[in-house]
Amino acid sequence: MRSKFKWIFTLLLALSMQFSFAQEKTVTGVVSDKTGPVPGANVVVKGTTRSTQTDFDGKYSIKAKAGEVLVISFVGMTDKVVTVGAANNYSVTLEDGVKLEEVVVQGYRSITKKSAVTSVARVDSKTIENRPNANVMNTLQGQLAGVNITTGTGQPGAKATVIIRGVGSFQANSDPLYVIDGFPSNSDNFRSINPNDIESVQVLKDAAATSEYGSRGTNGVIVIKTKSGSFGEAKTTFRYSSQYGLTELQTPKYDFVNSRQLLGLEKSFGSGLGSTLTDAEIAAYDVDTDWVDFFFRRGQSSTHNFSIENNGKNVNSFTSVSYFKQEGTLETTGLQRFTIRNNLSGKSNNGKFNYSVNIGFGYSKNNEDPSIGTSGVNRNYILGAYLGAPYLDPDRYQGSVWTFDEFNNTPGLLATPYMLMDKLVTYRNLVEESRLNVATETSYKLTDALTLRMRTSAESLTTFRNQVEFPNSFNAILFSNTPGITSFDGGAFNGFEDIQNRREFIFNNLYQVDYTKKFGKHKIGVNANAEYNFSTFQADNQRQRGLNPQTFVPNTGAGYVADTAANDWYVPQISAGRSEVAYISYFGSLDYDFADKFGIVGSLRTDRVSYFSAENQSDVFWSVGGRWNIDKEAFMDGSFVEVLKLRGSIGTVGNARIVDGTIYAPILPVRYLDIYQPTNNTYNGGLGYNINFGFPELKWEYTEQYNIGIDFELFKGRLTGTYDYYNRVTRDMYIAQPVTPTSGTTAVQRNSAASLTNFGHEIQLSYDLIRNDANKMKLTIRGNAAHNTNEVNGIISNNGRIQEGTVVVNDNGGMFREYFTVPYVGVNPVNGELLFLDINNNVTEDVTAADQRKTGKSYLPKWQGGFGFDFEYQGFFASTTFTFVTDVWRFDTDFESLLDPTNISQFTVDTNLLNAWTPTNTNTNIPSLSASNIGLDDLSDRFLSDASYLRLRNLQIGYRVPKKFLSKTFISDLSITLQGENLVNFTKWRGYDPESPRLEDLYQYPTPKIYTFGVDVKF
């Protein structure tokens, strides 16, 4: 009886427990970390849609059944998993998240950094986001060792010049290859890409990293990955960021004369308006115009970004929309851009099938001035800003005809500012660009070791340009068939409109077989690839000369004047062009690893490209790289070293883009054929031919490179860094070689024995000076530097010298594009003439080209890099980035213009001319205003200036609102930021902007200072 009772009692108890476990109940708890409660932590019942967040005190409450699993997570911390049992309260303590292994690109594969044999520099989205630059490459300045990024213009969205490990050729294109989401593209793409969509940028520099890209990877490869969602628990995150900014001109060290000083100088010089005024009239002159202030402005900028990130078990996505507008500091210039992106990724339940589809669309409107950097006094606004005479009053301007009369009735080019004032209101140049990118990838794992992969990507680019010189404008009537007479005053119709359309299509298709297998301590990876790249463009251009001012409307065709029998001037000028380039490539790689200690990687690639004749279209490139993970050795156990890896590589790449410019430049015209073009009036008015002589054996430029490097991480990750030494030699360079004049020319462009070597060192360091988790304080100091030396060899003609212009040479054993000048030593105190050193180091007033010598100076920096800090404390954050270049020289042509005495009476000058030599002022370094040998300046180094600089490139301060204050709102993260760009320059350069990729600067558009305030919110 008692045993039966026990059995019945046990059964009832089991049924009761089963009922209680199946019943839903309220589960509570507190989520903490080592510093206290964590508000805003996510608590999710796994496999359901039930979820909640912790409150201000870290508390949560959620409905759950016994046996269900709670997943508790917070950004930057390791997830906690709790199984609900009989208890109703579950408190957990979260720990800092485990650091994921950094992934880098090695050829066409992504691998962990510890197993890479390559030299790679990387920047992630934290560095890129919310910087006020239209082009993301400007943001990367000073962030990547060995990567010299130079803007050289203030035009919003302009293409930056990017040089990786030195210039690699005399004439060939030096741009790196840009790969965006696996799709090879070009640097012009960045005008249409929202930088906030970018997850990471990696720069591949050595042979092991670039040789798999073959002929397109000669100058390095920049791999850009855009953002995506994540696989995991279902979650949707919204993000909105906005910035408002101001842009302004940087301040030069030039000292412009004021009106009274210029008039006084003209009076003493005996020329110009000042020569007609008395001293009293000059002293009373009250017009003093700052033409720089007139043509430049304080611009405004605004940015709006909105994104949605969806995470899911098998499907995730990232969608964004953005609008960017920036006024240039130069009047009439600016950029507007609209972008939209959708990145979708998915996988099958078993994880064997994976796919992604990344779609990006960008539309931009760019107002730019194509005359920047020219000496066109009637075209280049910056010339007018820099050289306009201050005693001219802008209020006198009364229109185009008045400007024409002023031009004819004032000395020289004094009316230049008025000509350019007229252009401001009678000229427009608009470029509209629409770009659609689609990058897709699918893969299927046939076995655990064997994967098949396919990438198909395409880009469609449509560019429209509308340039108008309005009828009866100053420039229109200046160049009219009836100069100075407007259309309805007896003159011809004038002005012109250009309409240009360009359509480009780029296609890429890659097939890959990848095999990776581990055998005990041995791991082998093999992949084989076939790739096809195709690019084509079609362009048509129309110019209509002769516009009716009463009916003309831009870009409509209205107001076009019809051709007449008596005047062919009105006949439309039409041109068209089309070209295409194709690559077919086969390549593979072998990767071997032993016990995570030793690794070796080899690659082989063959490229066939349509730039050359059939016999020379193909070539083979290779690389070998190895590593030793020293930290994995037993003798390293217990040391302060977490990571220590020695690596090296050697290999070859080729450059088929033997002519600088777009990818079509080498076939416009075709370089391996003689091209005959008909031309009129060659002999007695008859028809003849222009001949471009080709070189039938034309082939690639060939680059060999080796690299030795070390990666390290010390003191529990406080100190991390890399060091690299590289040597890179380019051979078979495409340059002009002399031929017998009986062939019809004296030189033919062809491959030569000339070579160009670049070798140098790179170092990148980061150190956590303060890392106090208890006080939530962190201070990280970072920096990088690179030193590059170049050397020219193998030139056969002209005694081993290639001279470019008057003052630049390339000599065997010397540096690339070395300045070749006569030393300027001052002023003769007896007569005010310029003094120079002749070739025998004798001081003289008279020199010739025979007295020029090499200077050891170049426009390419020997040292370049950047440094800064990142600081965080209790929600406050600050960061700086300084950039620097040293041992870089450039001719300051703007300063030369300001010291040119022949400009007196038509342009402004520098106050230094007030100290010019006179019989009573003999102790000066400024020559006499009437010095007879002033023209010898062209041979001298008088205006060759040190353009080295240290720049505060970026300064940010901000505040991130603690999550405990947001716990009862829909907002999960909120920060505000105030930042500035290009704030301070420390330099000897006198001009507006020391940053330039040019040999000399002539009336260029300076990069601006930018101040922005931004808000970033997630919910």
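**Exercise 1. Helix H9 and its cover**

Work out which residues of helix H9 are buried and what covers them.

*Solution.* Start with the cover in this predicted model: helix H10 (416-426) and helix H11 (474-478) are among the elements that cover the buried residues of H9. Next, pick out the residues themselves. H9 runs over residues 400-409, and its buried residues are Ser400, Trp402, Thr403, Phe404 and Glu406. Keep the helix geometry in mind as you look: an α-helix has 3.6 residues a turn, so residues three or four places apart point the same way.

**Exercise 2. Two faces of a strand**

Sort the residues of strand S5 into a covered and an uncovered face, then find how S5 pairs with strand S1.

*Solution.* Walk along S5, residues 59-65. Tyr60, Ile62 and Ala64 make up the covered face. Lys59, Ser61, Lys63 and Lys65 sit on the uncovered one. Now bring in S1 (residues 24-33): S1 and S5 pair in the antiparallel sense, over 7 bridges. To get the register, take Ile62 from the covered face and look across; Val27 stands opposite it.

**Exercise 3. Backbone oddities in loops**

Where do Pro669, Asp596 and Ser905 lie, and what does the backbone do there?

*Solution.* Take Pro669 first. A cis peptide bond, with omega at about 0 degrees, joins Leu668 to Pro669. Pro669 belongs to the loop between strand S30 (641-655) and strand S31 (675-679).

Then go to Asp596, in the loop between strand S27 (573-594) and strand S28 (598-609). Its phi is positive, about 60 degrees, although Asp596 is not a glycine. Its relative accessibility is 35%, so Asp596 counts as partly exposed.

Finish with Ser905, another non-glycine with a positive phi, here about 95 degrees. You'll find Ser905 in the loop between helix H12 (893-898) and strand S49 (944-946). With 11% relative accessibility, Ser905 falls under the 20% cut-off and therefore counts as buried.

**Exercise 4. The whole protein**

Judge how compact the protein is for its length, and describe its contacts and surface.

*Solution.* Count the elements: 12 helices and 53 strands. The radius of gyration is 34 Å, close to the 31 Å from the globule rule for 1019 residues, so the protein is as compact as a globular protein of that length. The C-alpha trace spans about 135 × 70 × 65 Å along its principal axes.

Now look inside: 53% of the 1019 residues are buried. Of the contacts with a separation of 6 or more, 69% link residues 24 or more positions apart.

Last, the outside. The accessible surface is about 44600 Å², and carbon and sulfur atoms account for 56% of that.

How values were computed
Residues numbered from 1 in each chain as written. Predicted model: local features only at pLDDT ≥ 70, side-chain atom pairs only at ≥ 80, totals over all residues. Heavy atoms only, no water. Buried < 20%, exposed > 50% of the residue type's maximum accessible area, 1.4 Å probe, protein only. Helix = DSSP H or I, 4+ residues; strand = E, 2+ residues; numbered from the N terminus. Pairing = 2+ DSSP bridges. Rg over C-alpha atoms; globule rule 2.2 N^0.38 Å. Contact = heavy atoms within 4.5 Å. Areas by Shrake-Rupley, 256 points an atom, 1.4 Å probe, with all protein chains shown as cover.
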